[in-house]
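Open the model in your viewer and set it to a cartoon display, with the side chains hidden for now. The stops below tell you what to select and what you will find there.

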Amino acid sequence: MSRPGALDGAVAGAVGTVALNLVTYLDMVLRARPASSTPEESARRLARLAHVNLGPEDRAANRRSGLGALIGYATGIAGATAYAALAGRRRVPLPLAAAALGAGVMAMSDGSLAALRVSDPRRWSRSDWLSDVVPHLAYGTAAAATLGRLRPPDSRP
């Protein structure tokens, strides 16, 4: 008996998010670039919009750091869960599934950055886009491959 599609999607989204983080950290090591401040800034703005006090600044900074990471995982898990629900039992070819998952989650994260006025993707440089596209392709590939492994093979002749 197969697991529900939502559970498969959540697992695939978590695996994809780990892949995205690994590629991001590898990029930071190779290019000696600093970590992005956008996750923490997103957490700051969301807390402000929700009227949530994160405490004194020394503690609030730590909470924003943790919340930024959790928001990233929530986005990755939600994206693959939605994809799994939309795909249903259809087995989408890996390259197409990887592109759809990567682009979908990238649109979710970049869209939220724009909506919260944390960053404006229209003003990003080529390097900024590469720093965004490559990890999201890793996310899409890992999530799609995981979904493919979690779903039973098609039993039709």
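The tour begins with the whole chain and then moves to single helices and loops.

**The whole chain.** Please keep in mind throughout that this is a predicted model. With everything selected, follow the chain along its sequence and you will pass through the pattern α-α-α-α-α, since the secondary structure comes to 5 helices and 0 strands. If you turn the C-alpha trace to look along its principal axes, it spans about 60 × 35 × 25 Å. Of the 157 residues, 34% count as buried, while the surface that the protein exposes comes to about 9800 Å², with carbon and sulfur atoms supplying 64% of it. Among contacts between residues at least 6 apart in sequence, 79% join residues at least 24 apart.

**Helix α1.** Next, select Leu7, Val11 and Val15 and show their side chains, which form a nonpolar patch on the surface with about 210 Å² of accessible area together. Val15 is found in helix α1, which covers residues 5–31, and because its relative accessibility is 35%, which is between the limits of 20% and 50%, Val15 counts as partly exposed.

**The loop between α2 and α3.** Move on to His51, which lies in the loop between α2 and α3. Although His51 is not a glycine, it has a positive phi of about 60 degrees. Is this residue buried or exposed? With a relative accessible area of 73%, which is over the 50% limit, His51 is exposed.

**Helix α4.** Now select residues 94–115, which make up helix α4. Its 22 residues, at 1.5 Å a residue, should span 32 Å, and the C-alpha atoms at its ends are 31 Å apart, so the expected span and the model agree. Then show the side chains of the buried residues in α4, which include Ala97, Leu101, Val105, Met106 and Leu113. Which helices do the buried residues of α4 pack against? Colour α2 (38–49), α3 (57–87) and α5 (126–150), for these are the helices that the buried residues of α4 pack against.

**The loop between α4 and α5.** For the last stop, go just past the end of α4 to Arg117, which is found in the loop between α4 and α5. Arg117 is not a glycine, and yet it has a positive phi of about 60 degrees. Its relative accessibility is 69%, and therefore Arg117 counts as exposed.

Notes: Residues numbered from 1 in each chain as written. Predicted model: local features only at pLDDT ≥ 70, side-chain atom pairs only at ≥ 80, totals over all residues. Heavy atoms only, no water. Patch = residues over 30% accessible without salt bridge, like charges linked within 9 Å, V, L, I, M, F, W, Y side chains within 5 Å. Areas by Shrake-Rupley, 256 points an atom, 1.4 Å probe, with all protein chains shown as cover. Salt bridge = Lys/Arg side-chain N within 4 Å of Asp/Glu carboxyl O. Helix = DSSP H or I, 4+ residues; strand = E, 2+ residues; numbered from the N terminus. Buried < 20%, exposed > 50% of the residue type's maximum accessible area, 1.4 Å probe, protein only. Expected span 1.5 Å × (residues − 1). Contact = heavy atoms within 4.5 Å.
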